[in-house]
Amino acid sequence: MDEFSAWLQHNIAMMVAIQSAVIGVVMVILSGAAAEPPHSWREWVKVLSVGILVSVIIGWIVHENVNNEMIRSAIIGACAVVSRDILAASQSVGKKLAADPAGTLREWVGFLKGGK
């Protein structure tokens, strides 16, 4: 165990990823139990893997930018809870870009300029 702890101290990115993944798993399970739980094992695996992926990516981002551990954990947990929505939005944007890339980019530029 001491070798593993020493290895983690030298690999900060891996330590952050493990901490974020644990937070993500706990939050996804708790939010799934409280809200609308997945109905099959396949859905559970999909929801857990997306929650872990989102948690790890957000964990790496906030590790560099947020100094307070509690705030960092809260941000990671909140993103894990909405990871299903993040996945749905990403899929929607991907489908829209695949269908009409130029039109989608024009929409985004118009939105960023203050349009609808």
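Helices (H or I, at least four residues) and strands (E, at least two) are DSSP runs, numbered from the N terminus. With that settled, here are some exercises to work through beside the structure.

This is a predicted model, in which local features need pLDDT of at least 70 and side-chain atom pairs count only at pLDDT 80 or more, while totals for chains, interfaces and linings use all residues. Residues are numbered from 1 along each chain as its sequence is written, and side-chain values use heavy atoms, with hydrogens and water left out.

**Exercise 1. The overall fold**

Work out how many helices and strands the chain has, and describe the space that its C-alpha atoms fill.

Solution. Start with the secondary structure: the chain has 6 helices and 0 strands. Reading along the sequence then gives the pattern α-α-α-α-α-α.

Next, look at the extent. The C-alpha atoms fill a box of roughly 55 × 35 × 25 Å along the principal axes. The radius of gyration of the chain is 18 Å, whereas a compact globule of 116 residues would have one near 13 Å. Here the radius is taken over C-alpha atoms, and the globule rule is 2.2 Å times the number of residues to the power 0.38.

Finally, turn to contacts, meaning heavy atoms within 4.5 Å. Of the contacts in the chain with a separation of 6 or more, 56% are between residues 24 or more positions apart.

**Exercise 2. The nonpolar core**

Find which residues form the largest nonpolar core, and which helix gives it the largest share.

Solution. First, the terms. A nonpolar core is a set of buried Ala, Val, Leu, Ile, Met, Phe, Trp, Tyr and Cys residues joined through side-chain atoms within 4.5 Å. Buried means under 20% relative accessible area, exposed over 50%, and partly exposed in between (1.4 Å probe, protein chains only).

Now the members: Val-50, Val-54, Ile-58, Val-62, Val-66, Ile-76 and Cys-79 make up the 7 residues of the largest core. At least two of these residues come from each of helix 3 (41–65) and helix 4 (69–81). Helix 3 gives the largest share, 4 residues.

As a last step, place the core in the whole chain, where buried residues make up 23% of the 116 residues.

**Exercise 3. Two serines**

Decide whether Ser-55 and Ser-83 are buried or exposed, and list what each contacts beyond its neighbours within four places in sequence.

Solution. Take Ser-55, which is found in helix 3. Its relative accessible area is 0%, so Ser-55 is buried. Leaving aside neighbours within four places in sequence, Ser-55 is in contact with Ser-20, Gly-24, Ile-76 and Ala-80.

Then move to Ser-83 in helix 5 (residues 83–99). Ser-83 counts as buried because its relative accessible area is 1%. With neighbours within four places set aside, its contacts are Val-28, Val-50, Gly-51 and Val-54.

You can check one of these pairs from the other side: Val-50, again without neighbours within four places, is in contact with Ser-83 and Leu-87.

**Exercise 4. Two isoleucines**

Place Ile-61 and Ile-75 in their helices, then classify the accessibility of each.

Solution. Ile-61 lies in helix 3. Its relative accessible area is 46%, so Ile-61 is partly exposed. The C-alpha atoms of Ile-61 and Asp-2, 59 residues apart along the chain, are 28 Å from each other.

Ile-75 sits in helix 4. Ile-75 is classed as partly exposed because its relative accessibility is 30%. Apart from neighbours within four places in sequence, Ile-75 is in contact with Ile-58, Val-62 and Val-66. Between the C-alpha atoms of Ile-75 and Val-25, 50 residues apart along the chain, the separation is 14 Å.
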